Amino acid sequence: MEHTRALLAAALLTSAGCETDAATSTDNQELRSAVQVSSATALGDALANLGSGDEVVIVADGDYGDLELVGRNFTADVRIRVASGVRARFDKIRLTNCSHILVEDVWVRPTTAQPAVRIEGGSDITIRDADIGFADHAVGWSAADWNARVSVGVEVVDSNDTTIHRNYIHHVTTGVESNGVATDVNRNDINYFSDDGVRPHGDASMIRSNRITNNVKVNGSTNVGIQSVSRGPTGAVGGGRIDDLLVWGNTIIETTDPAKPFGAPLQGIGFYDGVYGDLFIAQNLVSVDAWRGIAVLGSDVANVQYNTVIDSDPLSPRRPDVSIEDHKDGRPPLGSRLRYNLAARVGSNPAVNAYGNIVTAGSDLPVFFEDHENYDFMPTSSVPNNRGSWRHRNMDGTLQDAARRHGVVAGGGLGSFMCDATSTDALCDLVSDEFELVTPNNALKWSALRPVEGTFNFSRGDAQVAFAQRNGQIVHGHTLLWSAFNPAWLEAYRGDGVALAGLMDDHIQTVVGHYRDEFPGVVTRWDVVNEPLTSSGAFRSDSIWSAVDSGVGPAAYISRAFHAAHTADPDAHLVLNDFGVEFGPKGDALFALVQEMKAEGVPVHGVGFQSHYDTSWTTVPTRDDISEMMEQYAAIGVDVHITELDVRIPSPVSAAEQELADSFYESVATACFVAPNCKTITSWSVSAANSWIDTLTGYTPYHPFDAELRPERAYWLLRAGQ
Ligand code: XIL
C-alpha cells in the first residue's frame, strides 16, 4: 500500500511536469511517499506540489541556493532531507508562517552575514542533523573579519514548537536564538561563536545536552554559553517573565582548542534578566575561567541543582560561581533552591534554600574527578553517588554517545504507564536524552494488546512508540509470543493446534503490520519469541505456544513465528530473547537452536541476552562467558543484544553485594563493547523510581539512575565499560 502511495505521488508530480522520480529506497524510514530532486528548480517544483503533508523530498548533492517557504502549513510532517552520503549546500533557509516541516542533513553556508536559518511565525518546524556555519574554519581571521562575516546560526522568531536537534552550528555570532514558545534545542554541537551559544527567550523551552565550546571575543559583547533575557511590555530588558525553561545536561567549555584566537572569559549559563518562573537548571557541566559560572538573577521557583562548575584556569583570579540572586531591580528570589552543585564559588543569597553544594577552588579537583584536565569528569571512587552532576566524561553528554563510540545502541525500558508523546516529566526526559532506543516493558505484550478476545487495543503501545518517535528514538518491540502476560482468554484457549497456529500468525501479522504502517521506521526490531527454554535447555512445555501445530518438533512454532514476522515486515530485525543464556546447558541449547534455524533459512537475526542478575545467585556468567557466547554467535552471523539488563540485591545491601552488582554491569558493558556483533545494551528499568524489581519482595533495585534520577555508579560503568 505504501508503495502504491509513492507511485501515486510520483505520477501526480510527473503529470505536473516536475523533474522527479519515485524513490525506490528500501530504507524503512522511507515508506511514506517520497520524491527525489537534484536541482534547485526541481526542489522548488517538488515543494510547490506537496500535498497536505506526510511526504518526503530527498535532495541529491549539489548547490541549492536559498530554501524559502512562506505560508506552507501541513497536517503531518513534510520531511526535506538529503540523500545519504552526499552534501547538499544551501545559502540560507527561510521558513515563514509554515508548520510541520522537518529539514534534515542540509549543509548551510551563507554567503552574506544574515541568519543562516530563520524560522518566523508558524509552528512545528524541526531542523535536524544539519551543518550550519558561515565558514569551515576561521584560521587567519581578524576581529574585523569575524564581525563582517558571521551572523546567527538559527534564529526563531515568534514560531512555536521548534526543534533544533543534533546540528553542528559553528562560526556564528550566536548559535541558536529563539523567542518562540516550546523551542527544544537538543544535542547540538555549537562551536566558535562571537556572542552567545544559545539564547532561549521563549516560555516552556528546553536546552538539553548541547555541547557549547570555544567563544571568541571580537567586539564589546560578553560571551555567555546560554543566556536568557526577559523583556517587559515596552521591550525593557529584565522587565518581563519567562516561565518553564529547562536547561539540562549541557556541556559548556570555554576553550577546547589550545590554538583558539580571541580567547576571553566565557560565562556559562547567564540568566541575568528575570523573572524566571519554574526554572530548572540541572546536570550541566561548565568549565570556564570567568566569574560567572551559572547565575540566575530574579526567580520565582528556580531549581539549580547537580551542576558542575569548574574553574578552567586556577592560576587566574576568576572563580566561576553557581548562584541564585536578587533581580537587578532588587526583588529577592522566591521559592528557589540551590543544591548539590559543585563550583568554585557558591552564592549565598539569604532568600535561597541552599544545601549540599561543594565549593572547590581547583587544587582538590583530582579528589573529585579522574582527570579533569583532559575533560574526564568521571567521579573518583571516593565520591558519594548523590553529589554533584558527575555526568560528563570526556565531554560527551550521554550514555548513548558513549555507547555509540563502540558501535552499540543504548536502550532504556519504559514501565507500563510511562511516557507518551506529550510527556514532559523528568524521567521521560531522561529516557529521551540518554537513550537511543526504548523497549516498552509491557505495553506490547498480549495482555496489554488483547485483554479482550477478538479486539486489539493499541493505545498504550502506540503512546510509547509515539514517545520514541517524537524523540527520534527507535523501539525494540517486546514481545510477540511469551508464556506469561497472556490474557486469561488466551490461556483458556481450547482450540486445536492448527487453529492456534492461525491465531499466532494473525497476531504477528496484525501487530507487526500495525507498527510498520503507523510508525514507519520506528519499531525496527521485535522479540519474536520470548523465553522458549527451561533452565536445562529443554523447550518449555508450559507455554501455550508449545501447543501450536506447525509440523515437526517442539521448536516448529518458533520458526513459523519468525517467518510470519519477516513476512509482515521484511525490514525488521528479528530476535529470540531469553535469560540465563550466556553459558551452561541453556546457553548451549539456545545456540544450537539458533544455529539450526539459520541452517534452515529461518529469518532469525539476533538473540537477546536478557541479563537480569541477582547478587545472591551462586552461578552467574563471567565476562569471559559472555564474550565467548557472543563470539559463537558472531561465527554464525547472528547479532547479540543485551535486552533487559538490571541487577537486584537482597535488602539490606551489603558492601560486598554492591561490589558484585557493579561487577555485573562492568562485565556486560565490557563484553558488549568489544564484541563486534553486540549491538545493544538496554537497561530494563532506567531508575529506581520506575523499577519493576519493586514488585519482587526483599530486593533493592540497582539501575543506572537512582530514585531521584541521579546517576549511580552503574551508569558510569555502562558508559566507560572498563
Ligand atoms: C516484566 C515487567 O518488567 C514487569 O512490569 C511485569 O510485571 C512482569 O514482566 N523477562 C521479560 C520481561 O522478558 O518481559 C519481564 O518484564 C521481565 C523478565
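Here is a walk through a few spots in this structure, starting at the ligand and moving outward. Keep in mind that the model is predicted.

Let's begin with the ligand. Look for the second largest pocket, because that is where the ligand sits, with more than half of its atoms within 2 Å of the pocket's grid points. In all, 13 residues surround the ligand, and the closest are Asn-442, Lys-445, His-478, Glu-644 and Trp-684. What kinds of residues make up this shell, sorted by class? There are four nonpolar, six polar and three charged ones.

Now zoom in on single atoms. The side chain of His-478 has an N or O atom 2.6 Å from an oxygen atom of the ligand. Asn-442 does something along those lines too: an N or O atom in the side chain of Asn-442 is 2.8 Å from a ligand oxygen. Then there is Gln-610, with a polar side-chain atom 3.2 Å from an oxygen atom of the ligand. And how much of the ligand does the protein cover? On its own the ligand has 410 Å² of accessible area, and the protein covers 83% of that.

Stay with His-478 for a moment, since there is a backbone detail to find here. The peptide bond joining His-478 and Thr-479 is cis, with omega at about 0°. Thr-479 belongs to strand E43. If you step back along the chain from strand E43 (474-481), you reach the loop that connects helix H8 (459-470) to this strand, and Gly-472 lies in that loop. Is Gly-472 buried, exposed or partly exposed? Its relative accessible area is 37%, so Gly-472 counts as partly exposed, between the cut-offs of 20% and 50%. Try picking out Leu-437 as well: it is 35 residues away from Gly-472 along the chain, and the two C-alpha atoms are separated by 8.9 Å.

A cis bond also turns up at another place, from Ser-651 to Pro-652, where omega is near -10°. Pro-652 is in the loop between strand E48 (639-650) and helix H14 (655-674).

Next, have a look at Gln-400, in helix H5 (residues 399-404). With a relative accessibility of 1%, Gln-400 falls under the 20% cut-off, so it counts as buried. What does its side chain meet there? A polar atom of the Gln-400 side chain lies 3.1 Å from the backbone oxygen of Asp-433.

Two residues are worth a visit for their backbone angles. Asp-124, in strand E12 (residues 123-128), has a positive phi of about 55° although it is not a glycine. Ala-182 isn't a glycine either, and its phi is near 55°. You'll find Ala-182 in the loop between strand E17 (176-178) and strand E18 (184-186). As for accessibility, Asp-124 is partly exposed at 26%, and Ala-182 is partly exposed at 22%.

The tour ends at Val-275, in the loop between strand E27 (266-273) and strand E28 (276-282). Why does this loop residue count as buried? Its relative accessibility is 9%, and buried means under 20%, so Val-275 makes the cut. To finish, find Arg-450, 175 residues from Val-275 along the chain: the C-alpha atoms of this pair are separated by 50 Å.

Definitions and conventions: Residues numbered from 1 in each chain as written. Predicted model: local features only at pLDDT ≥ 70, side-chain atom pairs only at ≥ 80, totals over all residues. Heavy atoms only, no water. Helix = DSSP H or I, 4+ residues; strand = E, 2+ residues; numbered from the N terminus. Buried < 20%, exposed > 50% of the residue type's maximum accessible area, 1.4 Å probe, protein only. Near = heavy atom within 4 Å. Polar contact = N/O pair within 3.5 Å; in protein donor to acceptor, adjacent residues only side chain to side chain. Areas by Shrake-Rupley, 256 points an atom, 1.4 Å probe, with all protein chains shown as cover. 1 Å grid on protein atoms, 1.4 Å probe; cavity = no way out; pocket = protein on both sides within 12 Å on 5 of 7 lines; lining within 4 Å. Nonpolar A, V, L, I, M, F, W, Y, C, P; charged D, E, K, R; others polar.
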